[in-house]
Every structure is written in C-alpha cells, then in structure tokens.
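Please look through the structure shown below before reading on. The paragraphs that follow go from the overall fold to a few individual side chains.

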Amino acid sequence: MFLLSEYETFWIFLPISSLIPILAFLISRALVPISEGPEKLTSYESGIEAMGDAWIQFRIRYYMFALVFVVFDVETVFLYPWAMSFDILGMYTFIEALIFVLIPIVGSVHAWRRGALEWS
C-alpha cells in the first residue's frame, strides 16, 4: 500500500531545496553593482584589446581526445561499485563487467589503428 507518510521528509526538503537556489540568485542580483559604461561593453582579455575574429576553428582531434577521456572516465566510475561488491555478485557479473570493459578497449584499439589518436 502506498503511504504518503513515508515521504514526509521528501515533501519537507523539496520546497527548501527549491528555495535555496532561487534565494541565492535573488540576493546576488540585489547586491551586484550596476555600472554601464564604455569599459563594460568592450571585450576584455587580460587587459589587452582583442585582435581579429573570435571565430577560431579547432581541429577535430581535440574533441576525439576529449571523448576518449570521457569514455574511460565514465567506465571507471561504473566499475568502482562493481569492484566494491565483487565477492557478493558472482561469476555472471564478472563476465558482464569483462564485456563492459572489452567494448571500449576494442573501440580504442580501432581508433588507434585508424590514426584518430595521433596528435600531430
């Protein structure tokens, strides 16, 4: 049976957790100094006037390195809870985790052979 009394703590913290960010934005809006002038409207880069166009094309290799890092980082985050409860989960979960690890390894070997991870 679904009892609303079990969720009393949730209903107490929901308005509080919604109100705190709203109050933070309102207080910062009230305290910010408002001064519009020519200095405020110019672009500022370490005290030096900006030169040239702001549009710069980046090579796709930077994004490839970032994506490979994110894949392995997320995989590490997912493997940590599995490693902490390895003795409870058993052999079936070990095989699933092995497949989970092998898929990015095969993908990175493929990217390495294709030259996607070459920096120069």
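This is a predicted model, and in it the protein has five helices and zero strands, so that reading along the sequence gives the pattern α-α-α-α-α. Of the 120 residues in the protein, 8% are buried, and the accessible surface comes to about 11,400 Å², with 71% of that surface belonging to carbon and sulfur atoms. Among the contacts whose separation is 6 or more, 59% are accounted for by residues 24 or more positions apart in the sequence.

The UniProt record, in an unreviewed entry, places the feature "transmembrane region" at residues 12-32, 62-83 and 89-112. Two of these spans can be compared with the model itself. Over residues 12-32 the chain is 95% helix and 0% strand, and the C-alpha atoms at the two ends of the span are 31 Å apart. Residues 89-112 are 96% helix and 0% strand, with end C-alpha atoms that lie 34 Å apart.

Aromatic side chains offer another way into the structure, which holds five aromatic pairs. One of them is formed by Phe10 and Trp11, an edge-to-face pair with 5.0 Å from centre to centre and 70° between the planes; Phe10 has a relative accessibility of 44% and therefore counts as partly exposed. Phe86 and Phe94 also form an edge-to-face aromatic pair, with 5.9 Å between the ring centres and 70° between the planes. Phe86 is partly exposed, with a relative accessible area of 42%, and Phe94 is likewise partly exposed, with a relative accessible area of 32%. Together with Trp82, Phe86 and Phe94 form one aromatic cluster.

Where in the structure does Glu75 lie? Glu75 has its place in helix 3, which covers residues 60-84, and that position also falls within residues 62-83, one of the spans to which the UniProt record gives the feature "transmembrane region". Which residues does Glu75 touch, once those up to four places away in sequence are not counted? Glu75 touches Phe100, Val101 and Pro104, and these three positions belong to residues 89-112, another span of that annotated feature. Glu75 is buried and yet has no salt bridge. The nearest side chain of opposite charge is Arg113, which is 18 Å away from Glu75, whereas a salt bridge requires a side-chain nitrogen of Lys or Arg within 4 Å of a carboxyl oxygen of Asp or Glu.

Key: Residues are numbered from 1 along each chain as its sequence is written. This is a predicted model: local features need pLDDT of at least 70, side-chain atom pairs count only at pLDDT 80 or more; totals for chains, interfaces and linings use all residues. Side-chain values use heavy atoms; hydrogens and water are left out. Helices (H or I, at least four residues) and strands (E, at least two) are DSSP runs, numbered from the N terminus. Buried means under 20% relative accessible area, exposed over 50%, partly exposed in between (1.4 Å probe, protein chains only). Contact means heavy atoms within 4.5 Å. Accessible areas come from the Shrake-Rupley method with a 1.4 Å probe; for residues, only the protein chains shown count as cover. UniProt positions are given in the numbering used here, feature names are shortened, and annotations may be inferred rather than shown by experiment. Rings of Phe, Tyr and Trp (its six-membered ring) pair if their centres lie within 6.5 Å; planes under 30 degrees apart count as stacked, over 60 as edge-to-face and the rest as tilted. Lys and Arg count as positive and Asp and Glu as negative; His and the chain ends are not counted.
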